[in-house]
Amino acid sequence: IKPTGYQRATRVPPADAVVGICGHGYKGADLFLGLAARRPEQPFLLAGHIVEPWRRRAAALTNVTVVPHGHARTFLRRARVVVVPSQWPEPFGRIAVEAMLAGVPVIASRTGGLPEACGDAAWLVQRFR
């Protein structure tokens, strides 16, 4: 008898990256990439839709991997921490909630709905600068 839903185990990369889904200025791309530039020894993973000039700036950093599309679990497997540096009143911040549900620590801006969505389960930062 074969168990239903059986899947072969796959090797999962170590949780080593600082992850951000912030490829726009209002999402904090400049802050995320600035942090990556200051920590060249640390792997960073920038996921989601990334606009210019942030795409060029990410490509210039050897410690930043860009993952333009995919399901959140794909990059959360690599996440040592998820950074949500939004600079606008983020209505909800779904990636912060998904990360916390996956047991990944979150550092988020204290803006919009992020404080309410994260509660006491994340580190909230007044200003990332």
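## Briefing: cores, pocket and aromatic pairs

Phe32 has a relative accessibility of just 1%, so it counts as buried, the cut-off being under 20%. This is a predicted model, and the points below go through its cores, its largest pocket, helix H4 and its aromatic pairs.

**Nonpolar cores**
- The largest nonpolar core has 23 residues, and the members that touch the most others are Phe75, Leu76, Val82, Val84 and Val106.
- Strands S1 (17–20), S2 (44–47), S4 (79–84) and S5 (106–109) each give two or more residues to this core, as do helices H3 (72–76), H4 (94–101) and H5 (114–118).
- H4 is the biggest giver here, with five residues.
- There is also a second, separate core of 15 residues, with Phe44, Leu46, Ala58 and Val81 among them.

**Largest pocket**
- The largest pocket holds about 300 Å³ of space.
- Its lining takes in 18 residues, and those nearest the centre are Ile21, Phe75, Arg94, Ile95 and Glu98.
- H3, S4 and H4 are the elements that give two or more residues to that lining.
- H4 has the largest share of the lining, at three residues.
- By residue type, the lining of the largest pocket splits into nine nonpolar, five polar and four charged.

**Helix H4**
- On H4, the buried residues are Ile95, Ala96, Val97, Ala99 and Met100.
- H3, S4, S5 and H5 are included in what covers them.
- Ile95 shows up twice, as a buried residue of H4 and as one of the residues nearest the centre of the largest pocket.
- Gly103, just after H4, takes a positive phi of about 80°.

**Aromatic pairs**
- Searching the whole structure turns up two aromatic pairs.
- One of them is Tyr26 with Trp88, an edge-to-face pair at 5.3 Å centre to centre with 85° between the planes.
- This pair links distant parts of the chain, 62 residues apart: Tyr26 sits in the loop between S1 and helix H1 (29–38), and Trp88 in the loop between S4 and H4.
- Tyr26 counts as partly exposed because its relative accessibility is 41%, and Trp88 is partly exposed too, with a relative accessible area of 29%.
- Phe32 and Phe44 also pair edge-to-face, with 5.4 Å centre to centre and 80° between the planes.
- Here too the pair links distant parts of the chain, with Phe32 in helix H1 and Phe44 in strand S2, twelve residues apart.
- Phe44 has a relative accessible area of 2%, so it is buried, and Phe32 is buried at 1%.

Note on methods. Residues are numbered from 1 along each chain as its sequence is written. This is a predicted model: local features need pLDDT of at least 70, side-chain atom pairs count only at pLDDT 80 or more; totals for chains, interfaces and linings use all residues. Side-chain values use heavy atoms; hydrogens and water are left out. A nonpolar core is a set of buried Ala, Val, Leu, Ile, Met, Phe, Trp, Tyr and Cys residues joined through side-chain atoms within 4.5 Å. Buried means under 20% relative accessible area, exposed over 50%, partly exposed in between (1.4 Å probe, protein chains only). Helices (H or I, at least four residues) and strands (E, at least two) are DSSP runs, numbered from the N terminus. On a 1 Å grid over the protein atoms alone, a cavity is a set of points where a 1.4 Å probe fits but cannot get out, and a pocket is an open set with protein on both sides within 12 Å along at least five of seven lines; lining residues have an atom within 4 Å of a point. Grid points are joined across faces, edges and corners, and a volume is the space filled by probe spheres set on the points. Ala, Val, Leu, Ile, Met, Phe, Trp, Tyr, Cys and Pro count as nonpolar, Asp, Glu, Lys and Arg as charged, and the others, Gly among them, as polar. Contact means heavy atoms within 4.5 Å. Rings of Phe, Tyr and Trp (its six-membered ring) pair if their centres lie within 6.5 Å; planes under 30 degrees apart count as stacked, over 60 as edge-to-face and the rest as tilted.
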